[in-house]
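Here are a few exercises to work through with the model open beside you. Try each task before reading its solution.

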Amino acid sequence: MAHAHLELSARPRRNRRTPAIRNLVRETGLSPAHLVLPLFVHRGPDEPIDSMPGVHRWSVEGLIGEVGRAAALGVEAVVLFEAAPDELKTPIGDEAWNPDGLIPQTVAAVKAAHPATAVMTDVALDPYNSDGHDGIVAPDGTIANDETVDALCRQALTHADAGADIVAPSDMMDGRVGAIRKTLDQHGHTETGICAYTAKYASSFFGPFRGALDSAPRSGDKKTYQMDPANSREALREMELDIAEGADMVMVKPAGPYLDVVRRLADASVVPVAAYQVSGEYLMVKAAAASGWLDEQSIIIETITGIRRAGADVVLTYFAVQAAEMLAQPLT
Ligand code: PBG
């Protein structure tokens with residue numbers, strides 16, 4: 001035994017021997033600068049969201065505090081969602097383009113308090129649409145594409161007017177990126193970016209988010225506009241269109257179950273690729289950790305690293321602050 005000695009030309013374990021060597025050869029970097037924190041705002045006090053433990057519905061003031069905590073840890077990008085009360089919901093979702101609505105107010109307040117933080121907004125009608133769909137439901141029950149695109153342009157414009165850095169259409173209507181780009185440019189917002197939800201799948205992983213916003217479709221599903229989970233070639237087609245229409249970033253959503261799509265887009269894209277670790281992915285980790293079945297801290301870093309390794313430049317995640325706290329310590 002003492003002299004057991006294989007004559008190996010390669011011993012890959014040498015590169016794994018110490019933390020310093022592992023850090024030296026690590027291929028995928030993960031820093032708070034790569035993360036975007038999704039935040040929910042509502043007209044009411046700060047309160048925890050039952051369907052998403054650890055996540056809050058904030059007042060504007062509370063949200064500004066959270067933006068500050070994130071920024072102090074190096075997370076300088078947020079994406080805002082409104083939880084709107086029922087009385088603001090209508091069949092056309094017109095609260096979406098109310099210039100005095102809660103999102104424009106919140107954008108302006110965040111930019112005033114934390115000008116360095118990049119503020120992204122969600123462009124879609126579902127928080128304001130009494131049907132719970134991302135688009136306007138026509139009398140025959142279909143989702144009216146072109147009428148919705150018109151509404152999304154108005155919505156994006158109110159966000160840009162309020163000072164949003166990047167608008168993120170998450171609705172999956174055809175032609176909305178080009179139409180939004182044109183509207184923004186016509187109103188002088190040539191510097192406002194567009195992050196397109198390019199490959200957004202008809203996913204059950206969004207369930208807890210819809211609970212948080214009370215925005216589940218009242219009837220039907222989102223399969224006529226969100227992508228079929230079985231497809232990936234189609235994501236390339238969506239990306240080609242979004243980039244041609246002026247998207248500054250493209251996004252895949254959810255992230256974890258769609259890493260092959262992230263890789264496919266990352267290999268073909270000439271713009272940065274984002275991926276959204278959505279509410280259901282967050283909750284799977286939270287639930288397993290709460291049961292003592294998984295180690296929450298290391299799983300968080302592993303899932304986000306996996307999304308980055310698949311090719312995402314940017315990761316949207318409810319774990320952004322928690323991850324940034326861990327990243328303040330050296331990885332081993
Ligand atoms: C809707 C929207 C959804 C999410 C972000 N924007 C839900 C949906 O499409 O039904 C999901 C985010 C998450 O699950 O964390 N425009």
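**Exercise 1. Backbone oddities**

In which loop is P254 found?

Solution. P254 sits in the loop between β10 (249–253) and α8 (259–268). Helices (H or I, at least four residues) and strands (E, at least two) are DSSP runs, numbered from the N terminus. Next, check the bond leading into P254: the peptide bond from K253 to P254 is cis, with omega near -10 degrees. Then look at M172, which has a positive phi of about 70 degrees although it is not a glycine. M172 belongs to the loop between β8 (166–169) and α5 (176–186).

A word on the ground rules: this is a predicted model, where local features need pLDDT of at least 70 and side-chain atom pairs count only at pLDDT 80 or more, while totals for chains, interfaces and linings use all residues. Residues are numbered from 1 along each chain as its sequence is written, and side-chain values use heavy atoms, with hydrogens and water left out.

**Exercise 2. Around the ligand**

Work out which residues come nearest to the ligand, then look for side-chain N or O atoms by its nitrogen and oxygen atoms.

Solution. Start with the neighbours: 18 residues surround the ligand (a heavy atom within 4 Å). Of these, S170, K200, R210, K253 and Y318 come nearest. Now go for polar contacts, meaning pairs of N or O atoms within 3.5 Å; within protein, one must be able to donate a hydrogen and the other to accept it, and residues adjacent in sequence count only if both atoms are side-chain atoms.

- R210: a side-chain N or O atom is 2.5 Å from a ligand oxygen.
- Y318: a side-chain N or O atom is 2.6 Å from a ligand oxygen.
- D126: a side-chain N or O atom is 3.0 Å from a ligand nitrogen.

**Exercise 3. α2 against α3**

Describe how α2 packs on α3, and classify the residues that meet.

Solution. Two packed helices are described by the angle between their axes and the distance between the axes. Axes are lines fitted to C-alpha atoms, for helices over the stretch in contact, and angles run from 0 to 180 degrees between N-to-C directions. The axes of α2 (residues 60–72) and α3 (residues 102–113) come within 10 Å and cross at roughly 40 degrees. That makes α2 oblique to α3, because angles under 35 degrees count as roughly parallel, over 145 as roughly antiparallel, 65 to 115 as roughly perpendicular and the rest as oblique. Last step, the contacts (heavy atoms within 4.5 Å): V60, L63, I64 and V67 in α2 meet L102, T106, A109, V110 and A113 in α3. They divide into 8 nonpolar, 1 polar and no charged. Ala, Val, Leu, Ile, Met, Phe, Trp, Tyr, Cys and Pro count as nonpolar, Asp, Glu, Lys and Arg as charged, and the others, Gly among them, as polar.

**Exercise 4. α10 and its partners**

Find how α10 is oriented against α11 and α9.

Solution. Take α11 (residues 320–327) to begin with: its axis and that of α10 (residues 296–309) come within 10 Å and cross at roughly 100 degrees. That makes α10 roughly perpendicular to α11. This contact has 6 nonpolar, 2 polar and 1 charged residues. Moving to α9 (residues 279–290), the axes come within 10 Å and cross at roughly 160 degrees, so α9 is roughly antiparallel to α10. Here V285, K286 and A289 in α9 meet E296, I299 and I300 in α10.
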